[in-house]
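Please examine the sequence and the three-dimensional model shown here before reading on. The paragraphs after it are meant to be read with the structure in view.

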Amino acid sequence: MPGKAPLLRTALLAAALLTACGTTPEPATPATAPPTATKAPAAPSPEAVVSVGGPGTACALPVSFSLVEGWEPETVEKPDDPDFAALVEQGPATIVCEAKSEGTPDIGFLRVWTAPKGPVRSALKAFAEDDKSKELVLTDVKAGAVAAVEARYSVYSELDEAWRDGRSFAVTTPKGAVVIVELGGLDAEEDAVVAAYERAKSTLKPT
């Protein structure tokens, strides 16, 4: 729901990750034992530096998954005012968490929505159609080791008055609730942003 994004988002914490740098061993001096070489500390992996959904993470969710470097998650609270409460709902789902690409040059987000117990395909279809999408295609996929359904569609962006590719996937949790992970943002079609979505999908697991 492109036009609703500014009203949904709470302030996200900026992240600054330091890359470890190596040191150069000093020249060996005469000794009975050979000098010990100084090993350069390993640089952090860019693939998954933040996990969301599990205990102690930014969002308490029925599932967890990994985020790539620069993406910061934040819980989204449902407004008490009923006039604004509808802004956090889409189809049968309610947004509960958003991860935004704060530390990257791209503008993108991953939004996590929950829907009541029911068929996952029906929930995802209703979710996508409520975003004024077109050309919706649903496909059976895997999210981690969990059976999932993925939606690909075109969605209209009011910000730049253009149709953009949209994608989301949904799973059923052990307690029956449906979780939908949606990719969006002005740069949602950029390779780096799509990679963040694919990373979330490939690492998803129930909590």
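The following paragraphs move from the interior of the chain to its salt bridges and then to its surface.

The reader should keep in mind that this is a predicted model. A natural starting point is the interior. The largest nonpolar core has 27 residues, and those touching the most other members are Phe65, Trp71, Leu110, Val171 and Leu204. Several elements give two or more residues to this core: the strands E2 (63-67), E5 (93-100), E6 (109-115), E8 (146-157), E9 and E10 (178-184), together with helix H4 (191-203). Helix H4 supplies the largest share, namely five residues.

A residue of a loop can also be buried. Gly53 belongs to the loop between strand E1 (50-52) and strand E2. Its relative accessibility is 4%, and Gly53 therefore counts as buried, the limit being under 20%. Although Gly53 and Val63 are 10 residues apart along the chain, their C-alpha atoms are separated by 5.7 Å.

The discussion now turns to charged side chains. How many salt bridges does a search of the whole structure find? The search finds eight salt bridges. One of them joins the side chains of Arg121 and Asp140, with a distance of 2.6 Å from N to O. Because Arg121 lies in helix H3 (residues 120-129) and Asp140 in strand E7 (residues 133-143), this pair ties together parts that are 19 residues apart in sequence. The two partners can also be described by their accessibility. Arg121 has a relative accessibility of 33% and so counts as partly exposed, whereas Asp140, with a relative accessible area of 58%, is exposed.

Another salt bridge is formed by Glu150 and Lys201, whose closest N and O atoms are 3.0 Å apart. Glu150 is in strand E8 and Lys201 in helix H4, so that the pair, 51 residues apart, links distant parts of the chain. Are these two partners buried or exposed? Glu150 counts as buried at 10% relative accessibility, and Lys201 is buried with a relative accessible area of 10%.

Lys201 also meets the side chain of Glu198 in a salt bridge, at 3.3 Å from N to O. Glu198 and Lys201 are three residues apart in helix H4, which means that about one helical turn separates them. Glu198 counts as partly exposed, because its relative accessibility is 31%. Through salt bridges that share partners, Glu150, Arg167, Glu198 and Lys201 are joined into one network.

The last topic is the surface. Which residues form a negative surface patch? The patch is formed by Glu135, Asp165, Glu189, Glu190 and Asp191. Of these residues, Asp165 may serve as an example. Asp165 is found in strand E9 (residues 162-172), and its relative accessibility of 44% is the reason that Asp165 counts as partly exposed.

A nonpolar patch is found on the surface as well. Ile107, Leu159 and Leu186 make this patch, which covers about 270 Å². Ile107 is placed in the loop between strands E5 and E6. With a relative accessible area of 42%, Ile107 is partly exposed.

Definitions and conventions:
Residues numbered from 1 in each chain as written. Predicted model: local features only at pLDDT ≥ 70, side-chain atom pairs only at ≥ 80, totals over all residues. Heavy atoms only, no water. Patch = residues over 30% accessible without salt bridge, like charges linked within 9 Å, V, L, I, M, F, W, Y side chains within 5 Å. Areas by Shrake-Rupley, 256 points an atom, 1.4 Å probe, with all protein chains shown as cover. Salt bridge = Lys/Arg side-chain N within 4 Å of Asp/Glu carboxyl O. Lys, Arg positive; Asp, Glu negative; His and termini not counted. Charge placed at Lys NZ, Arg CZ, Asp CG, Glu CD. Helix = DSSP H or I, 4+ residues; strand = E, 2+ residues; numbered from the N terminus. Buried < 20%, exposed > 50% of the residue type's maximum accessible area, 1.4 Å probe, protein only. Core = buried A, V, L, I, M, F, W, Y, C linked by side-chain atoms within 4.5 Å.
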